[in-house]
Amino acid sequence: MRPARALPESLGNRFSTRDAREAGVSRGRLYRSDLTKPFRGTRSVPSPGAVAVAGQDPFARQASERRERARDYAPLLRPGQFFSHETAVALWGGPLRLVTTTTGRRHAAPEPVEGRTLPVHVSTFGGGPLVRAAGVRGHRADPTKARAMLSDGVMVSTPATMFAQLGAWSLSDLVALGDFLCRVWRPGFGRPDVGRSPLSSIDELRTTVASTRWMNVRRLRAALDLVREDSWSPRESRLRVQLVLAGLPEPLLNQDVYDDHGRFLACVDLAYPHLKIAIEYQSMLHHSRYAADVERIAALRAAGWTVIEVTSDLLSRPDALIARVSAALHR
């Protein structure tokens, strides 16, 4: 077979068939096997670097696949359209629930679905036609309350609008998203990106939510009352929400702990410093830093701290979690 003719550089790696034809690309060239067809009316040049790394955090892998899917659709966005809802969260790098499915095998654990199979969310301002295409979920956006902006070359909901669009989420998921958007990058021992600007602020989220009636606005307001500026991960956020809603005192977040000689011991996820109680979430891919965590927790305990280690299993059993923390508080 004759080698495929090179495509115009102006098209890039993802493009619409309409743009390609206007650039002089023949219809036959658009059906050559070196191009993929992610959506009707689009083509993409496969990237050898798009293969997922074995052992990658399933949350990160699924979010990365969602972003790739959105970029595949991006050439079809028209004026007045933008990525929104869960797709916007993925593009901003925010926390998303892991979407799983069962394999049908008896006692088999749910497995993460391929992120490229999940719908791409596209909102349309005003009365323009909603997107109706396989693999896309269309939404109507009120131009008097919703806002979009250009980010990394595509139009996407602003962080505050994105938060307000997701009132159907659970309270803890909304708090995790708000914590992510409003994180303040404070100075501290070995902390990265000190002074980096947060994506939004609690005041900005409140102003957007209060600007008009959003769906599930009461839940949005309740979540805003729980959003904080010092959470570093969605699991920390959900853990804190469980403790607070159970009536326990609210712990401080990501506290640097020093010994009596001023030597840094650890930065703990959640803490009751006056009681020397630390709560540490152990992530799904904890093994890569296992040795360092063992030494860090041992140093805290040697300094008189009670350390409660929380796994995903314990987080899924709130009664047991609350009982364990409550017992430590009242010891």
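Is phenylalanine 82 buried or exposed, and what is its relative accessible area? Phenylalanine 82 is buried, and its relative accessible area comes to 1%. Please keep in mind, as you look through these views, that the model is predicted.

**View 1. The whole chain, before we zoom in.** Eleven helices and 13 strands make up the secondary structure of the chain. The C-alpha trace spans about 75 × 50 × 45 Å along its principal axes. Of the 331 residues in the chain, 43% are buried. If you take the contacts between residues at least 6 apart in sequence, 58% of them join residues at least 24 apart.

**View 2. The ring pair of phenylalanine 82 and phenylalanine 125.** Here the ring centres lie 4.7 Å apart with the planes at 35°, so the pair is tilted. Phenylalanine 82 comes from strand E3 and phenylalanine 125 from strand E6 (residues 120-125), so the pair ties together parts of the chain that are 43 residues apart in sequence. The two partners are worth viewing side by side: phenylalanine 82 is buried at 1% relative accessible area, whereas phenylalanine 125 has 24% relative accessibility and counts as partly exposed. Buried means under 20%, so phenylalanine 125, at 24%, falls outside that class.

**View 3. Tyrosine 73 against phenylalanine 83.** The chain has five aromatic pairs, and this view shows one of them, formed by tyrosine 73 and phenylalanine 83. Their arrangement is edge-to-face, with 6.4 Å from centre to centre and 70° between the planes. Tyrosine 73 belongs to helix H2 (residues 58-73) and phenylalanine 83 to strand E3 (residues 81-83), ten residues apart. Both tyrosine 73 and phenylalanine 83 are buried. Bring Phe39 into the frame as well, and you will find that ring pairs link Phe39, Tyr73 and Phe83 into a cluster.

**View 4. Two arginines, each over an aromatic ring.** In one spot, the charged end of arginine 43 sits over the ring of tyrosine 31, 4.9 Å from the centre of that ring. In another, arginine 235 lies over the face of phenylalanine 59, at 4.6 Å from the ring centre.

**View 5. The surface and its charges.** To finish, step back to the outside of the chain, which exposes about 17,900 Å². Carbon and sulfur atoms supply 52% of that area. The chain carries 47 positive and 33 negative side chains, and the centres of these two sets lie 9 Å apart.

Terms used
Residues numbered from 1 in each chain as written. Predicted model: local features only at pLDDT ≥ 70, side-chain atom pairs only at ≥ 80, totals over all residues. Heavy atoms only, no water. Helix = DSSP H or I, 4+ residues; strand = E, 2+ residues; numbered from the N terminus. Buried < 20%, exposed > 50% of the residue type's maximum accessible area, 1.4 Å probe, protein only. Contact = heavy atoms within 4.5 Å. Areas by Shrake-Rupley, 256 points an atom, 1.4 Å probe, with all protein chains shown as cover. Lys, Arg positive; Asp, Glu negative; His and termini not counted. Charge placed at Lys NZ, Arg CZ, Asp CG, Glu CD. Phe/Tyr/Trp six-rings, centres within 6.5 Å; stacked < 30°, edge-to-face > 60°. Lys NZ or Arg CZ within 6 Å of the ring centre and 35° of its normal.
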